[in-house]
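Me: I'd like to learn how to read the features of a protein model, one at a time. Can you walk me through this one?

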Amino acid sequence: MCFAENESAANLQPYFDFNVQRNVTVIVGQTAFLHCNVERLGDKDVSWIRKRDLHILTAGRLTYTSDQRFQVIYRRHNSTQWNLMIKYPQMRDSGVYECQINTEPKDVLVVYLK
């Protein structure tokens, strides 16, 4: 592959819109929304990971936790938004969450919940 092809392929990679709130503070019991906007997702997937225990909360539109308080909010008409909703958050939910794109290498947007 020549340089121009590599450059073109790199320009087609998905990327985060970093113009989102990355430090989220909520009152215990008040629904929390962690925002993640991804441009040019293409055939890649977005996942939400809880960093403290590396628990995969969501992958694509599927939820991978038995804790029903967690849900990905994905709008079909605006497929750039992959927000994590946490209903009735507790103190134990505080910490680092990662919105990940399954590119190689993995691309990560870190969001802090307090």
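**Reading the features**

Reply: Sure, let's begin with a pair of side chains: Asp93 and Arg69 are both buried. Keep in mind that this is a predicted model.

Me: What do Asp93 and Arg69 form with each other?

Reply: A salt bridge, in which the closest N and O atoms of Asp93 and Arg69 are 2.7 Å apart. Asp93 sits in the loop between strand 9 (78-86) and strand 10, while Arg69 sits in the loop between strand 7 (62-63) and strand 8 (70-75), so the pair ties together parts that are 24 residues apart in sequence.

Me: Let me step back to the whole chain. Which elements does the protein chain have, and in what order do they run?

Reply: The count is 1 helix and 11 strands. Starting from the N terminus, the order is α-β-β-β-β-β-β-β-β-β-β-β.

Me: And what share of the residues is buried?

Reply: Of the 114 residues in the protein chain, 36% count as buried. The accessible surface is about 7200 Å², and carbon and sulfur atoms hold 50% of that. For contacts, take the ones between residues at least 6 apart in sequence: 54% of them join residues at least 24 apart.

Me: How should I read the sheet? Which strands form it, and in what order?

Reply: Read the strand order from one edge to the other. Here 6 strands form an open sheet in the order 2-11-10-5-6-7, with mixed pairing. Strand 2 (23-24) and strand 7 are at the edges with a single partner strand each, so one side of each has no neighbour in the sheet.

Me: Let me zoom in on one pairing. How many bridges join strand 5 to strand 10?

Reply: There are 5, and the two strands run antiparallel. For one residue in that pairing, take Ile49, whose bridge partner in strand 10 is Glu98.

Me: Which side chain does Glu98 meet in a salt bridge?

Reply: The side chain of Lys51, at 3.3 Å from N to O. Glu98 is in strand 10 and Lys51 in the loop between strand 5 (46-50) and strand 6 (55-59), so to speak a link between distant parts of the chain, 47 residues apart. Check the exposure of each partner too: Glu98 is buried at 10% relative accessibility, whereas Lys51 is partly exposed at 38%.

Me: How many salt bridges does the structure hold?

Reply: The structure holds 5. When salt bridges share residues, read them as a network: Arg50, Arg52 and Asp53 are linked in one. Within that network, the side chains of Arg50 and Asp53 meet at 2.9 Å, N to O. Arg50 is buried, at 11% relative accessible area, and Asp53 is partly exposed, at 38%.

Me: Now the covalent links. What is a disulfide?

Reply: It is a covalent bond between the sulfur atoms of two cysteines. A search of the whole structure turns up 1 disulfide. Cys36 and Cys99 form it, with their sulfur atoms 1.9 Å apart. The angle about the S-S bond is -75°, and the link is left-handed.

Me: Where do Cys36 and Cys99 lie?

Reply: Cys36 is in the loop between strand 3 (32-34) and strand 4 (37-39), and Cys99 is in strand 10 (residues 95-101), so the disulfide ties together parts that are 63 residues apart in sequence. Both cysteines, Cys36 and Cys99, are buried.

Me: What describes a pair of aromatic rings?

Reply: The distance of the centres and the angle of the planes. The structure holds 2 aromatic pairs. One of them is Tyr74 with Trp82, a tilted pair with 4.2 Å centre to centre and 40° between the planes. Tyr74 is partly exposed, with 25% relative accessible area, and Trp82 is buried, with 6%.

Me: Last one, the backbone. Which residues does the cis peptide bond join?

Reply: Glu104 and Pro105, with omega about 0°. Pro105 is in the loop between strand 10 and strand 11 (107-113).

Me: And what about phi: is it positive or negative at Arg40?

Reply: Positive, about 55°, although Arg40 is not a glycine. Arg40 is in the loop between strand 4 and strand 5 and is partly exposed, at 43% relative accessible area. Tyr88 has a positive phi too, near 50°. Its place is the loop between strand 9 and strand 10, and Tyr88 counts as exposed at 54% relative accessibility.

Definitions and conventions:
Residues are numbered from 1 along each chain as its sequence is written. This is a predicted model: local features need pLDDT of at least 70, side-chain atom pairs count only at pLDDT 80 or more; totals for chains, interfaces and linings use all residues. Side-chain values use heavy atoms; hydrogens and water are left out. Helices (H or I, at least four residues) and strands (E, at least two) are DSSP runs, numbered from the N terminus. Buried means under 20% relative accessible area, exposed over 50%, partly exposed in between (1.4 Å probe, protein chains only). Contact means heavy atoms within 4.5 Å. Accessible areas come from the Shrake-Rupley method with a 1.4 Å probe; for residues, only the protein chains shown count as cover. A disulfide is a pair of cysteine sulfur atoms within 2.5 Å. A salt bridge is a side-chain nitrogen of Lys or Arg within 4 Å of a carboxyl oxygen of Asp or Glu. Rings of Phe, Tyr and Trp (its six-membered ring) pair if their centres lie within 6.5 Å; planes under 30 degrees apart count as stacked, over 60 as edge-to-face and the rest as tilted. Two strands pair if DSSP finds at least two bridges between them.
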